[in-house]
Amino acid sequence: MKKILITGKNSYVGNSLAKWLDRYPDSYSIALISLRDNSWKEKDFSFYDVVFHVSAVVHQKEKPVMKELYFKVNSDLPVEVASKAKEAGVSQFIFMSTMAVYGEEGKLGQEVVINRDTLVDPKTFYGVSKLEAEAELNKLNDASFRVVVLRPPMVYGPNCPGNYARLEKLAINLPVFPLIDNKRSMLHIDKLCQFVKEYIDEDAEGLYFPQDDEYVNTSLRVKELAEANGKTLHLSKTIGIVIKLIGKRVNLINKVFGNLIYEK
């Protein structure tokens with residue numbers, strides 16, 4: 001039986017993984033802890049085989065005054081936790097990083113494809129702080145302490161917070177939505193949980209890019225969300241054309257309707 005400690009007691013991903021692995025009570029023992037205060041430092045990590053670190057500052061409007069918080073929570077804290085885990089004899093540390101380390105948010109009418117040759121170039125506190133953590137965590141990797149770094153695209157699923165929740169709100173409240181042809185890499189929460197289970201089962205280490213099998217079209221996904229909520233949403237080609245004409249220089253429009261994918 002693998003004993004797994006999940007950091008981020010109130011996190012969407014952490015709680016989803018715990019519920020997913022509860023399906024296999026003979027194979028996994030799960031515990032969740034909060035890192036909001038220093039009480040975690042007194043916890044005995046030697047009981048665990050795996051630490052899955054998801055605790056982070058995310059989905060916040062980035063202001064200069066928040067820079068210190070981002071780096072304290074997203075860079076320094078995971079390294080502290082990993083160091084404690086390694087010292088206690090934990091054999092695997094799985095870190096949730098982000099696609100944001102590439103600094104790309106998508107481009108309207110232009111393919112943006114991230115592949116193995118794409119250089120990291122984060123533009124936000126969130127992306128930079130996650131990349132710094134990756135570098136320090138990889139220094140801890142060795143034969144007895146395997147570090148797994150995940151760079152997922154947008155994670156979505158039932159009751160998901162963040163940008164996906166905003167799309168769902170639009171789907172429920174708008175009668176009409178632009179029809180635009182685009183491609184986005186995304187990752188359903190169930191698919192992420194299945195990937196993490198495989199990394200644990202295989203005692204994996206290294207850098208991974210989990211994503212759904214198929215790319216997502218934003219317009220079609222919003223229509224699906226509307227239908228799932230019992231709403232009728234009309235997709236308009238005319239509004240889509242207008243958006244494409246005026247939106248290439250608008251960051252928010254590029255973020256919603258731009259192309260941004262991981263090479264399969």
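Lys 123 is exposed, with a relative accessible area of 57%, where exposed stands for over 50%, buried for under 20% and partly exposed for the range in between, computed with a 1.4 Å probe on protein chains only. Its side chain meets that of Asp 121 in a salt bridge with 3.0 Å from N to O, and Asp 121 is partly exposed at a relative accessible area of 41%. The model is predicted, so that local features need pLDDT of at least 70 and side-chain atom pairs count only at pLDDT 80 or more, while totals for chains, interfaces and linings use all residues. Residues are numbered from 1 along each chain as its sequence is written, and side-chain values use heavy atoms, with hydrogens and water left out.

**Salt bridges**

The structure holds 14 salt bridges, each defined as a side-chain nitrogen of Lys or Arg within 4 Å of a carboxyl oxygen of Asp or Glu. Three of them are set out here.

| Pair | Closest N to O distance |
|---|---|
| Lys 123 and Asp 121 | 3.0 Å |
| Glu 134 and Arg 151 | 2.6 Å |
| Arg 146 and Asp 203 | 3.5 Å |

Glu 134 forms its salt bridge with Arg 151, and this pair links distant parts of the chain, 17 residues apart, with Glu 134 in helix α3 (residues 125-140) and Arg 151 in the loop between β6 (146-150) and β7 (154-156). These elements are DSSP runs numbered from the N terminus, helices being H or I over at least four residues and strands E over at least two. Glu 134 is buried at 4% relative accessible area, and Arg 151 is buried at 7%.

Arg 146 forms a salt bridge with Asp 203, and here the partners are 57 residues apart, Arg 146 in strand β6 and Asp 203 in the loop between α5 (189-201) and β10 (206-208). Arg 146 is buried, with a relative accessible area of 15%, whereas Asp 203 counts as partly exposed at 36%. Salt bridges that share partners join Lys 2, Arg 146 and Asp 203 into one network.

**A buried arginine without a salt bridge**

Arg 184 lies in the loop between β8 (176-178) and β9 (186-188). Arg 184 is buried yet has no salt bridge, and the nearest side chain of opposite charge, that of Glu 105, is 7.8 Å away; for this purpose Lys and Arg count as positive and Asp and Glu as negative, while His and the chain ends are not counted. A polar atom of the Arg 184 side chain nevertheless lies 3.4 Å from the backbone oxygen of Glu 105, and a polar atom of that side chain lies 3.2 Å from the backbone oxygen of Lys 255.

**Aromatic pairs**

The structure holds 10 aromatic pairs, in which rings of Phe, Tyr and Trp (its six-membered ring) have centres within 6.5 Å, with planes under 30 degrees apart called stacked, over 60 edge-to-face and the rest tilted. The rings of Phe 93 and Phe 145 have centres 6.2 Å apart and planes at 35 degrees, so this pair is tilted. Because Phe 93 lies in strand β4 (residues 92-96) and Phe 145 in the loop between α3 and β6, the pair ties together parts that are 52 residues apart in sequence. Phe 93 is buried at 0% relative accessible area, and Phe 145 is buried at 0%. Phe 195 and Tyr 199 form a stacked pair, 6.2 Å centre to centre with 10 degrees between the planes, and both lie in helix α5, 4 residues apart.

Notes: Polar contact = N/O pair within 3.5 Å; in protein donor to acceptor, adjacent residues only side chain to side chain.
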